[in-house]
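Here are my notes on the structure, set out as numbered points for your consideration.

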Amino acid sequence: MHDKSIAEMSAALAGREVSSEELTRHFLARIGELDGALNSFITVTPEKALEQARTADERRARGEAGPLTGIPMAHKDIFCTRGVRTSCGSRMLDNFVSPYDATVVERMSAAGMVMLGKLNMDEFAMGSSNETSYYGPVHNPWQQDHVPGGSSGGSAAAVAARLVPAATATDTGGSIRQPAALCGVTGLKPTYGRVSRYGMIAFASSLDQAGPMTRSAADAAWLLGAMAGFDERDSTCLEHPLEDYPALLDRPLQGLRIGLPREHFGEGLDAETAAAVHQALAVFEAAGATVKEISLAHSMLSVPAYYVVAPAECSSNLSRFDGVRFGYRCEEPVNLEDLYKRSRGEGFGAEVKRRILVGTYALSAGYYDAYYLKAQKVRRLIKDEFGRAFDEVDVIMGPTTPGPAFRIGEKTSDPVAMYLSDIYTIAANLAGLPALSVPAGLVNGLPVGLQMVGNYFDEGRLLGIAHRFQQETDWHRRTPPGFA
Amino acid sequence: MTLDRNDVESIAHLARIAIDEADIPDYARDLSNILDLVDEMAREDTADVLPLAHPLDAVQRLRPDIVTEEDRRALFQAGAPAVENGLYLVPKVIE
């Protein structure tokens, strides 16, 4: 049952072959049995899940079920869930029980989906390996001494290991696509503003965007349809009509124009990863797509620009964690300044503190023009360059990451080396473009991903292209050893 | 860009983050390395480029100035470290 697609599970529920309660118990049992080795969940909520499952079964009995009613899923622990701890992977929020639901949580719940729990992540979504979590690292199901990627490492590992059919995730600089690639699952970062950020704990507000993590593009289409859409409670959420994503999956690849940025195939790219990506591209060519080289020279400045914009916005957003209104407070503060400083010093982990300090420096008096303003100008160059590329091609493809998953501990002592693992993903965030990653091969038993970047609001088109690729290949059906 | 001990201490103060004395050299090194990475932007001439605030150039939506939220003080304060009579408690600020 855990290997079925969402459409197949939905059909099994509709045909009364299985109830949501049975499905939910099945996945809860898998989590209990298998997650000890992965640490992909921070909180499992079996009672709440079974209650939601029974409600879903009742809805179905009354003839009120939608296609997702009764399907289990889990949320990245960055989404506020009413009455359930929402930790964001941090000691700072270890004791935080949210008083309200994020819009994404509310919408999944309205669709009748059953939440199994909250998934592990890098602290405040700052990391590319899931090693910065206060709750310990997540292990890659393919090789457990390797990282799952980050920051949505728990979401990727849980989906890859078939502990959940689907998960939510967030992407500020690659945090959906990079772990999806390293765990061999499908992950979509929608256009900035497509999905509401309300109740999604803010990291870098001009970049953050939520999206689905699933085994296939078809499953992602179902999830996106339930998550996306205008929400007046998020001031940056866009009023743009939704598409019927599942209905748009079957579109021919004939005539599709694919652009390959030469900068994404140069120095730093692992040779076997490059070979896997080229094999994937051959699948598109065989189906009638054309491939041409393009240049995204400015996007090679995306990592430097990102490490101004993201820390600057994080230093501002995370100023709310002050030990006064909610979250961690230090023991016996001697005065107010001591309360602020020690609550933040003890409540935040090393990477979060590093980024707050970089951001504080970049925004401090006299440096604004040299850092934040400069980075916002580089963003414009990157966005304009993509605009010119989309005059010539329909979709931009390349490797999602420079190589497969690395070992736990391998990059923790060098922040800059860690940052470069997002070198191909960050530009889409800076430009606000939709992008996804699909499994495209295995290198030494570890998955690698193919990234596709589309034009604004092209989520439906990207999912269709990915779906066609998944009709021709079976990388997305491969299961990590021991999790079949 | 190389930051020294004093720089790190003053940034940490601005950010209201207590850092251990022993960790200051590591922060100075890591922050300096990150700023070196960031300085790669300097090679691009951006004098005539308009900064990008929103990828789709969206503007802030406005709404009528009416109360839409109900008072949920008790619910929100339920998770606070220290509260009394509806007020958040902090160490004494004025002697």
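1. Glu21(B) is exposed, with a relative accessibility of 53%, whereas its partner Arg5(B) is partly exposed at 37% (buried is under 20% relative accessible area, exposed over 50%, partly exposed in between, with a 1.4 Å probe and protein chains only). The two side chains meet in a salt bridge at 2.6 Å, N to O (a side-chain nitrogen of Lys or Arg within 4 Å of a carboxyl oxygen of Asp or Glu). Arg5(B) belongs to helix α1 (residues 5–14) of chain B and Glu21(B) to the loop between α1 and α2 (24–38) of chain B, so the pair ties together parts 16 residues apart in sequence (helices are DSSP runs of H or I, at least four residues, numbered from the N terminus).

2. This is a predicted model, in which local features need pLDDT of at least 70 and side-chain atom pairs pLDDT 80 or more, while totals for chains, interfaces and linings use all residues. Residues are numbered from 1 along each chain as its sequence is written, chains are lettered from A and ligands numbered from 1 in the order written, and side-chain values use heavy atoms, without hydrogens and water.

3. Over all chains the structure holds 32 salt bridges. One of them joins Asp338(A) to Arg342(A), with the closest N and O atoms 3.0 Å apart; both residues lie in helix α10 (residues 336–347) of chain A, 4 residues apart, about one turn of the helix. Asp338(A) is buried at 18% relative accessibility, while Arg342(A), at 23%, is partly exposed.

4. A network of salt bridges links Glu351(A), Arg354(A) and Arg355(A) with Asp26(B), Arg29(B) and Asp30(B).

Definitions and conventions. Helices (H or I, at least four residues) and strands (E, at least two) are DSSP runs, numbered from the N terminus.
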